[in-house]
Amino acid sequence: MDQQLILNKKYEMASIKTPFYSLLKEKNMKKINRFLTLGLLTLSLFSCSERPINEGIWIKYTSTSLKIANKDNINIEPFNTVMSINYFKNSKYSFNEDFDSKLESVFLDNIETLHKKFDRHYYYLDDDNNLITSIKTINDSYGTGEEVFCSEELYGLVKLGVEYSELTKGYYNFFAGGLVEFWDEIISEVSDGVEVDRLKQIDPYYSKEQKEIMENYSLSMPTLEEINQLITFNDEKKSIIFNSIDDFIKEDGTILSRSQKDSKYRPSITSGGIAKGYATDLLKINLTKEGYTEGWLNSGSSSITLLSKPSFEEYGYQNIGIADPKTSSFFRKAALTLKLYEESSISTSGNYTIGKSYYLNVEGGRIYRHHIVNPFTGDCPQYHNSVTLYSKNFSNGELDALSTAFVSLSVEEGLKYREELLKQKQGYDLEIIYMDDLPTNADKLQITTTSDFNKSLEIVSEGSKVIYA
C-alpha cells in the first residue's frame, strides 16, 4: 500500500491546553479540491500470503493521476480521495497487455463518470458540452417544482440516501448539507492555522453566536416525516422533484427560513457518507460484468469490498488490517487484523479524515472536530474514534450510511439499534468494531467488537483493551 502521512501541527495557546490540528495528506499529492466530506483513511488492506510467480501476479491501479475538469475547467480530485483496485492476474493472462489496459480503463472511466454525477459542488460537461445532471442539479432545483431527469446511477443514489435516512431514524440524514458546510468551513480554516482569538470566534465551543447557528441547523433539519415529503420519485421516468418544506418556528418565535431556494436553513443533499460507498458498489458491478472477479476495491481506505469470494490466496482468505487511529503513522501500524473468507464489504467512519480535522484539549478531556455531524445536536459526535462495519449482505453504500449513523450512537445505543436493524433485515448480517478512548488513558484504545471473525481477530495495538459485545 502507498505510504500515507499525518502531519501534526501544534499551536501554543494561552487560554486553552495546546490544541492539536491534525492535517492528513497523501504522499505525492498536491493540495486537493474539496468534493464530498468523506474518505476516512482508517483501513489498510494487505494480502496474507504470496503465491508462486508462475501462478500469477498482483497488479494495482489507482485514481491518483485522474483529474477531472469541471464546467469552469478547474481540475477536481475524484471523490476527494484515492480509489484503487488490487487485482490478482492469474497465469492465463500474465502476458496479456490488453487485459491490463482494459482493466485500468474500466476502473478509471467508471470513477470519472460517477464522480461527475455525484458531485454536489460543481457542474461538469459531457462530450457534447451539455451539463451533466448531478446532485448539484437536484440541489439547485429545490422548491422550483422542476422535474430533474436522472441517470440510473444518480437516481439510485438519491433513493438509497432517502431510504437510509429513514432506516437510521435520521442519524444519517441525506439532507444535512447546510450543517455539513457549516462545519467544513470551520474545520478547513482552523486546520490551516489560526490565532486563539479567531478560534474563539468560529468554534461553537467558545462562540455563543456560532453555537446558536449550529443549533439552528439542527432544529431546522428535516424530520422523518418531512424527509418523506421532500423528494417525489418517478421510477418509470427516473425523475425527481425536490420539494420545499415550511419554515421552522422556534419556541421564541424566531423563524428559520427553509421554504425558499436561497433559504439559509433549507434542506440540501449531501452525498457525503454514502456516495463513495455506492460508487464502490457500482464499480464492483461493472468490473465483474467485464469478467474481473479476482481482487478487491479500496475506496479511500474506508470502503473496501472483495470482488468475489477469495480464491486468489493460497488459503482462501484475505487478511485485513484496521489502522490504529491513535498513532501519527497509523497507515504503518494496525490496531487489529482479521481474515475475510467470503465475499463481503467493510466500511469505516470516524473522527479523522483525508481532509482536515482537529481536536481541542479542554478541561474534562478532548473535543474532536471532524466531518461527521449529529443531525439532532448539530455537533460533531464524540463517542468514537472509529466505527467499522462488516457484512456479507449489506452493500458498501448501505454500510457507509450505517457507519455514519453509528458514530453518533453510544456503544449501548448502537448495539440496540443493530438488533432492531437485523430484525427488519431478515437474513442479513452486521458486525461492528468500535475503537474508543480507553477511559483511563485517552492515548490508548478500548476496542469493542461483536465478533471474533472466526477466531481470526488479532489485536496488535499495544495497551488496548478488548471487549466482546
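In the predicted model, the side chains of lysine 237 and glutamate 147 meet in a salt bridge, with an N to O distance of 2.9 Å. Lysine 237 is located in the loop between strand S9 (231-234) and strand S10 (239-242), whereas glutamate 147 belongs to the loop between helix H2 (135-140) and strand S8 (148-149), so the pair ties together parts that are 90 residues apart in sequence. Both residues fall into the partly exposed class, lysine 237 with a relative accessible area of 42% and glutamate 147 with 27%.

A search of the whole structure finds 21 salt bridges, among them that of lysine 117 with glutamate 153, in which the closest N and O atoms are 3.0 Å apart. Because lysine 117 lies in helix H1 and glutamate 153 in helix H3 (residues 152-167), this pair ties together parts separated by 36 residues in sequence. Lysine 117 counts as buried, at 14% relative accessibility, while glutamate 153, at 23%, counts as partly exposed. A further salt bridge joins the side chains of arginine 366 and aspartate 443 (2.9 Å, N to O); it links distant parts of the chain, with arginine 366 in strand S19 (residues 365-369) and aspartate 443 in strand S22, 77 residues apart. In addition, Asp203, Arg369 and Asp379 are linked in a network of salt bridges.

Strand S22 is also part of an open sheet of 9 strands, which are arranged in the order S4-S7-S13-S14-S17-S20-S21-S22-S24 with mixed pairing. Strand S4 (56-62) and strand S24 (465-468) stand at the edges and have a single partner strand each, so one side of each is left without a neighbour in the sheet. On average, and with direction ignored, neighbouring strands of this sheet are turned by 15 degrees against each other. Within the sheet, strand S14 (residues 303-306) and strand S17 (residues 345-350) pair in the antiparallel sense over 3 bridges, and isoleucine 304 has isoleucine 346 in S17 as its bridge partner. Helix H9 (residues 396-407) packs on the sheet, where it touches S14, S17, strand S20 (386-391) and strand S21 (431-438), and its direction makes about 30 degrees with that of S17. Helix H10 (residues 411-424) likewise packs on the sheet, touching S21 and strand S22 (441-449), with its direction at about 175 degrees to that of S21.

Helix H1 (residues 97-118) also contains phenylalanine 107, which counts as buried at 0% relative accessibility. Beyond residues up to four places away in sequence, phenylalanine 107 touches Tyr61, Thr62, Ser63, Met83, Ser84, Ile85, Leu283, Leu287 and Leu297. The C-alpha atoms of phenylalanine 107 and isoleucine 85, 22 residues apart along the chain, are separated by 7.8 Å.

Key:
Residues numbered from 1 in each chain as written. Predicted model: local features only at pLDDT ≥ 70, side-chain atom pairs only at ≥ 80, totals over all residues. Heavy atoms only, no water. Helix = DSSP H or I, 4+ residues; strand = E, 2+ residues; numbered from the N terminus. Buried < 20%, exposed > 50% of the residue type's maximum accessible area, 1.4 Å probe, protein only. Contact = heavy atoms within 4.5 Å. Pairing = 2+ DSSP bridges. Axes fitted to C-alpha atoms, helices over the stretch in contact; angles between N-to-C directions. Salt bridge = Lys/Arg side-chain N within 4 Å of Asp/Glu carboxyl O.
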